[in-house]
Amino acid sequence: MFPSKTNDIALFRYHTDDKNLLQKMFQVLAGYFPDNVADELTNDPTFKTILDKSTFASQPTLSRFMNRLDEDTLFQLEEIAKVMRRKIYSIEEPEMVLLDIDSTLLNTYGNQEGNDFNYHYSNYGYHP
């Protein structure tokens, strides 16, 4: 199912490559792009349940995993992407999609051009 070959010379890994990949995929899907959030997600019950793990790979472990990827591994990932695309394209298009969009205040400090006071957030910043 997941890449079975990486450029890995270790005889034993607690966090195997397939589990690292799954963790990385779910982190990205949840909007956690940098590897260092792995340390913050260690106690997240949702991630523990979804990934069926008691501990997560740390940022250094994920970085080493990403550095082990080679051309063969990338080919395997491409094959996974093809399978996922087929599944997504097979889903029936919904009649309606509801987008709940909330604004966010981007705090500013000092005398930055374009900032203004936002009463809802009681702070200065950029508010689209």
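Student: Which residue in β3 does N107 stand opposite?

Tutor: Keep in mind that we're looking at a predicted model. β1 covers 106-107, and this strand pairs with β3, residues 123-126, in the antiparallel sense over two bridges. Across from N107, the residue in β3 is G125.

Student: Okay, and in what order do the three strands lie in the open sheet?

Tutor: Strands of a sheet pair through backbone hydrogen bonds, either parallel or antiparallel. Here the pairing is antiparallel. The edge strands are β1 and β2 (116-118), and each pairs on one side only. That goes with the order β1-β3-β2.

Student: How do the elements run from the N terminus on?

Tutor: Start with the tally: the chain has five helices and three strands. Going along from the N terminus, the elements read α-α-α-α-α-β-β-β.

Student: Which residues make up the largest nonpolar core?

Tutor: In soluble globular proteins, nonpolar side chains tend to be buried together. In this chain of 128 residues, 24% count as buried. The largest nonpolar core has six residues, namely L22, V37, L41, F47, L51 and F56.

Student: Which residues does L51 touch, leaving out those up to four places away in sequence?

Tutor: L51 belongs to that largest core, and so do L22 and F56. Both of those turn up among its contacts, along with two others. The full set is L22, Q23, F26 and F56.

Student: Is M84 buried, partly exposed or exposed?

Tutor: M84 sits in helix α5, residues 71-90. Together with I88 and Y89, M84 makes a nonpolar surface patch of about 360 Å². Its relative accessible area is 40%, and because buried means under 20% and exposed means over 50%, M84 counts as partly exposed.

Student: Where does D52, with its positive phi, lie?

Tutor: Phi of D52 is near 50°, a positive value in a residue other than glycine. D52 is exposed, with a relative accessible area of 67%. Its place is the loop between α3 (45-51) and α4 (59-68).

Student: And what is the relative accessible area of S122?

Tutor: S122 is in the loop between β2 and β3. Phi of S122 is near 50°, again positive in a residue other than glycine. This residue is exposed, and its relative accessible area is 53%.

Student: Last one: what share of the chain's accessible surface belongs to carbon and sulfur atoms?

Tutor: The accessible surface of the chain comes to about 10100 Å². Of that, the share belonging to carbon and sulfur atoms is 56%.

Note on methods: Residues numbered from 1 in each chain as written. Predicted model: local features only at pLDDT ≥ 70, side-chain atom pairs only at ≥ 80, totals over all residues. Heavy atoms only, no water. Pairing = 2+ DSSP bridges. Helix = DSSP H or I, 4+ residues; strand = E, 2+ residues; numbered from the N terminus. Core = buried A, V, L, I, M, F, W, Y, C linked by side-chain atoms within 4.5 Å. Buried < 20%, exposed > 50% of the residue type's maximum accessible area, 1.4 Å probe, protein only. Contact = heavy atoms within 4.5 Å. Areas by Shrake-Rupley, 256 points an atom, 1.4 Å probe, with all protein chains shown as cover. Patch = residues over 30% accessible without salt bridge, like charges linked within 9 Å, V, L, I, M, F, W, Y side chains within 5 Å. Salt bridge = Lys/Arg side-chain N within 4 Å of Asp/Glu carboxyl O.
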